[in-house]
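This report introduces a single protein to a reader who has not met it before. The sequence and the model are shown first, and the description follows.

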Amino acid sequence: MSVSKEAFEREVLALLGSLSRVARRFVRNDTDAEDLVAETVARAWRALDTLQSEAAFRSWIFRILHNTFVSDFRRARTRAEVAMPDTDCDEAEFSLYEQLHQPFLLWYSNPEQAFLDKLLREDLERALAALPEHHRAVVVLADLEEFTYGEIAEALGVPVGTVRSRLARARCALQKHLWQQAQAYGLSGEAAARNGSRINEREA
C-alpha cells in the first residue's frame, strides 16, 4: 500500500470540510451530502491501493466523490429540477465585469461586496444550483475550492481543455443571470460603481 492508514486518516480529516461543501453543492441536501461523503470515504479506503502517492490524494478522493455522485446519488434522485439552459455563451460579448464593475462570485472579498452581495447572494445560489451538473461541478471546484485546472481535470476525469470550456460557459451563464437580476432590482453599472466608491471611502 503506497499510502498508510495514518496518512489516509490525516488527509480525510484535512479535506472533510471541503468534501462536505462540494457534496452539498452536488446533492443540495445536508442529509444526502453526509451520506455521499461517508460513501466516498468508504470507497476511497477500499480503493487505497490505487493511490500512488499522498500528494495526489486530493484530486483522487474528489474524483471518487464525483463518481459516487454520478453512479449512485444522481441516478437515485426523482425530484424534478429546473436547470438553467445549457446554451452558447461568449464571455467576450458579455461580461459582468463591464456591466457592474463587480468581480465574479460575490462572496469573495472586494470593495463592492457589501452592496451587491446583500441583494444577489441568494440569486447566485439559485443560479449555481440550476447549472447543468457538469458545469456546476467545475465552478464549485475552481471558484469555491480553488482547485487548479489540472486538479479539476483529474477529479472529473476530463481533459483540461474541457474544464476550461465548461468553466467559461458556466461563469458566463452566472454572470448573465446576475446582471439580469441586478436590472430587475433597479441597479446599473453606474450606480454600483458609485456605491463601490462610497464603500472604498469608508474602508480608507
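How many helices and how many strands make up the secondary structure of the protein? In this predicted model, the secondary structure comes to nine helices and zero strands.

**Overall figures**

| Property of the protein | Value |
|---|---|
| Residues counted as buried, of 204 residues | 43% |
| Contacts with a separation of 6 or more that join residues 24 or more positions apart | 72% |
| Exposed area | about 10,900 Å² |
| Part of the exposed area supplied by carbon and sulfur atoms | 48% |

**Helix α1**

Helix α1 covers residues 5–27, and its end C-alpha atoms are only 29 Å apart, whereas a straight helix of 23 residues would span 33 Å. A kink of about 50° is centred on leucine 15 in α1. The buried residues of α1 include Val12, Leu15 and Leu19. Just after α1, arginine 28 adopts a positive phi of about 55°.

**The nonpolar core**

In soluble globular proteins, nonpolar side chains tend to be buried together. The largest nonpolar core here has 45 residues, and Trp60, Ile61 and Phe62 have the most contacts inside it. Two or more residues of this core come from each of α1, α2 (30–46), α3 (57–76), α5 (113–130), α6 (133–144), α7 (149–156) and α8 (160–184). Helix α1 gives the largest share, nine residues. Domain 1 (5–80) and domain 2 (96–203) each supply at least three residues to this core.

Which residues does isoleucine 61 contact, leaving aside its neighbours within four places in sequence? Isoleucine 61 is in contact with Val12, Leu15, Leu19, Thr40 and Ala44, once those neighbours are set aside. Among these partners, Leu15 is the residue on which the kink in α1 is centred.

Conventions:
Residues are numbered from 1 along each chain as its sequence is written. This is a predicted model: local features need pLDDT of at least 70, side-chain atom pairs count only at pLDDT 80 or more; totals for chains, interfaces and linings use all residues. Side-chain values use heavy atoms; hydrogens and water are left out. Helices (H or I, at least four residues) and strands (E, at least two) are DSSP runs, numbered from the N terminus. The expected span of a helix is 1.5 Å times one less than its number of residues. The bend at a residue is the angle between axes fitted to the seven residues ending there and the seven starting there. Buried means under 20% relative accessible area, exposed over 50%, partly exposed in between (1.4 Å probe, protein chains only). A nonpolar core is a set of buried Ala, Val, Leu, Ile, Met, Phe, Trp, Tyr and Cys residues joined through side-chain atoms within 4.5 Å. Domain bounds come from an automatic or database domain assignment. Contact means heavy atoms within 4.5 Å. Accessible areas come from the Shrake-Rupley method with a 1.4 Å probe; for residues, only the protein chains shown count as cover.
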